[in-house]
Amino acid sequence: MCGIIGYRGDKDSKRIVIEGLKSLEYRGYDSWGIATVLNDRVAVFKKVGKIGGFSADQLKMEAGRIAIGHTRWATHGNVTEANAHPHVSCDGKIAVVHNGIIENYQELKAELKDHKFVSQTDTEIIPHLIEGYVREGYGFVEATKRALSRLEGRFAVVAVMAGYDGLIGARRGSPLVLGLGGGEREYFIASDIPAFLNHTRNVVFLEDNELVVLNKDYRIMNIKTGEDIKREPQHIDWDAAQAEKGDYPHFMIKEVLEQRDTVSRAIKQSDGEIMEVAKMLNDSFGSFFVACGTAGKVALAGTYLFSRIANKHVNFSVSSEFPNYTHFLTDKTLMIVVSQSGETADTLEAMDAARAKGVKIVGVVNVMGSTITRQADRFLLVKAGPEKCVASTKATTGQLAIVTLLAYACAGRLEEGRELLEDASAKINAILTEEYVANIRALAEKIKGWESMYIIGRGLNYPMALEAAIKVQEVSYIHAEGFAGGELKHGPIALISNGTPCIVLVANDETKPDILSNAVEVKARGGFIIGVAPKNNEVFDFWIPVPDVGNASPIVNIIPVQILAYHLAVLRGCNPDMPRNLAKSVTVK
Ligand code: M6R
């Protein structure tokens, strides 16, 4: 959570940081702040709320070549200006932005008796610790290195000091990427690439326990040992326009509609690579799909897909519960982690637990260069491009496509899987018309006043019922719950009253008769039945047609619900891109 950015160069540093913060806001948006570095002091400006339409011209602060900024998702301390970053030392000369959690901040604070703290945050300890070492006579770099090596927990940090013509960045557990600018000695450093994608696509990813000094050159070193580390830059082929809203009112609808080609992009994996992962799966025993939230629903769908297509049993666990299963792990276990960001703390911890048992790890990840892509033994890139809306949409269907393809590859039917998914992709492209979206918007108008709704599915579409509920909850704040169709009669059906919306996800497979019977049961209790199905049925009060695509049905069935969730959010006056209390990359436990 939280987005950080730093800039050093000859351009307008304030503007670059403010623009960068806007593109990082999906990581946290309860308050924000900026610090500019002058010769004798660091100037700081902070504000509660979203950065929104704020422009650099409104900032009446002096600026030099260096600035840092932060957009916050509160962990320690309320949402106040005092708790917003950057945080500064007693003399106001050192400023720090931070993403992560410092677990031992209370002990460290107790040591720093002669320092004055003004916030409730864990972060504030960092500029004071650095200041302490500077007072002892260490230079800024050494002081920062010493301070950081005392921290326990996860962090990505950028620090600046008045009169110092450079930035220091460091990470352990939270992401930080360096951008090499076009201008001489121009550097960017941020939580994520889109923060500087308009300026450069040449990047260097920092690894855990590394510190980088950006001044005349960039120098990476190990925080603890100070040993120099050489790392060549990589070129990222993301298009800056992909990270912009363009003419769309929100990223969410832009990203939903980009699903016209995300499935075909996702399956552009080389046969060799897919087959190697398939071999790892086929050679494994007692393997696990592991992920959180929406990615977790993809992972759960993976267990159904593998059982159905490859006749292979794979276990599933949400990442935060995975450490409870470690006694089942052996060196024959394979762990498949699914993640959009590749930075989710719960998933990274699950990977640590697995690695400790000798488990091999395969990642299905959207963000190139993310921690999961670096820590997994192998990874398959989802290739959906930057996903900015907090609610995951295009990355989800891309992940589903890869997991489906893998199941076919394990069954020795890779070509059949590709053909199925190409066909699904073409059919998705064909249905995503203005008229289709308008029809779903009309449905949203009808049901927007309801405070609860239910979604049911069976087999491959049970995980999608759970995912559909997440989509509706997180953007429209309607209480939505997903169930396996067969479970309703064991309790939840008591919640159905006259008019309660119930979405029924139907696939043209052996589950169809039973899920339609479940729909009839709900209707008999007064439920308003919204059928997402290849064919209309008399039980539906409202039908959303989807193509009949066999085992790719989870992909096509979730898309109309994403559109519905989007319109419910907008019609209820919610901002679908930045739902309350949430952040895009969940980098805290
Ligand atoms: O980046 P990840 O895919 O690992 O994130 C996992 C979840 O936090 C994420 O899917 C979350 O549930 C989404 N906001 C849902 O739309």
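**Ligand surroundings, sheets and two buried residues**

Of the 14 residues around the ligand, those that come nearest are S339, Q340, S341, T344 and E474, where a residue is near a molecule or strand if one of its heavy atoms lies within 4 Å of it. The model is predicted, so that local features need pLDDT of at least 70 and side-chain atom pairs count only at pLDDT 80 or more, whereas totals for chains, interfaces and linings use all residues. Residues are numbered from 1 along each chain as its sequence is written, and side-chain values use heavy atoms, with hydrogens and water left out.

Polar contacts are pairs of N or O atoms within 3.5 Å; within protein, one atom must be able to donate a hydrogen and the other to accept it, and residues adjacent in sequence count only if both atoms are side-chain atoms. In the side chain of E474, an N or O atom is 2.4 Å from an oxygen atom of the ligand. Backbone N or O atoms also approach ligand oxygen atoms, at 2.8 Å for S392 and at 3.1 Å for T294.

T294 falls within the numbering of helix 8 (residues 293–309), through which the chain crosses from strand 16 to strand 17 in a right-handed β-α-β crossover; right-handed means that, with the strands pointing away from the viewer, the path from the first strand over the helix to the second runs clockwise. Helices (H or I, at least four residues) and strands (E, at least two) are DSSP runs, numbered from the N terminus. Strand 16 (residues 288–291) and strand 17 (residues 315–318) pair in the parallel sense over four bridges, pairing being assigned if DSSP finds at least two bridges between two strands, and F288 stands opposite N315 in strand 17.

An open sheet of five strands, with parallel pairing, has the order 22-21-23-24-25. Its edges are formed by strand 22 and strand 25 (542–545), each of which has a single partner strand, so one side of each is left without a neighbour in the sheet. Strand 23 is joined to strand 24 (residues 528–533) by five bridges in the parallel sense, with P501 opposite F528 in strand 24. Helix 13 (residues 434–447) packs on this sheet, touching strand 21 (452–457), strand 23, strand 24 and strand 25, contact meaning heavy atoms within 4.5 Å.

T500 is placed in the loop between strand 22 (479–484) and strand 23 (501–505). With a relative accessible area of 2%, T500 is buried; the term denotes under 20% relative accessible area, against over 50% for exposed and partly exposed in between (1.4 Å probe, protein chains only). Residues up to four places away in sequence not counted, T500 touches W450, S452, Y454, L495, G526, G527 and F528. A polar atom of the T500 side chain also lies 2.9 Å from the backbone nitrogen of S497.

A second buried residue, S425, has 4% relative accessibility and lies in helix 12 (residues 414–431). The C-alpha atoms of S425 and V263 are separated by 5.6 Å, although these residues are 162 residues apart along the chain. With residues up to four places away in sequence again left out, S425 touches R260, D261, V263 and S264.

A further open sheet, of seven strands with antiparallel pairing, has the order 5-6-7-8-12-13-14. Strand 8 (residues 167–172) and strand 12 (residues 210–214) run antiparallel and are joined by five bridges, and R171 stands opposite E210 in strand 12.

Notes:
Axes fitted to C-alpha atoms, helices over the stretch in contact; angles between N-to-C directions.
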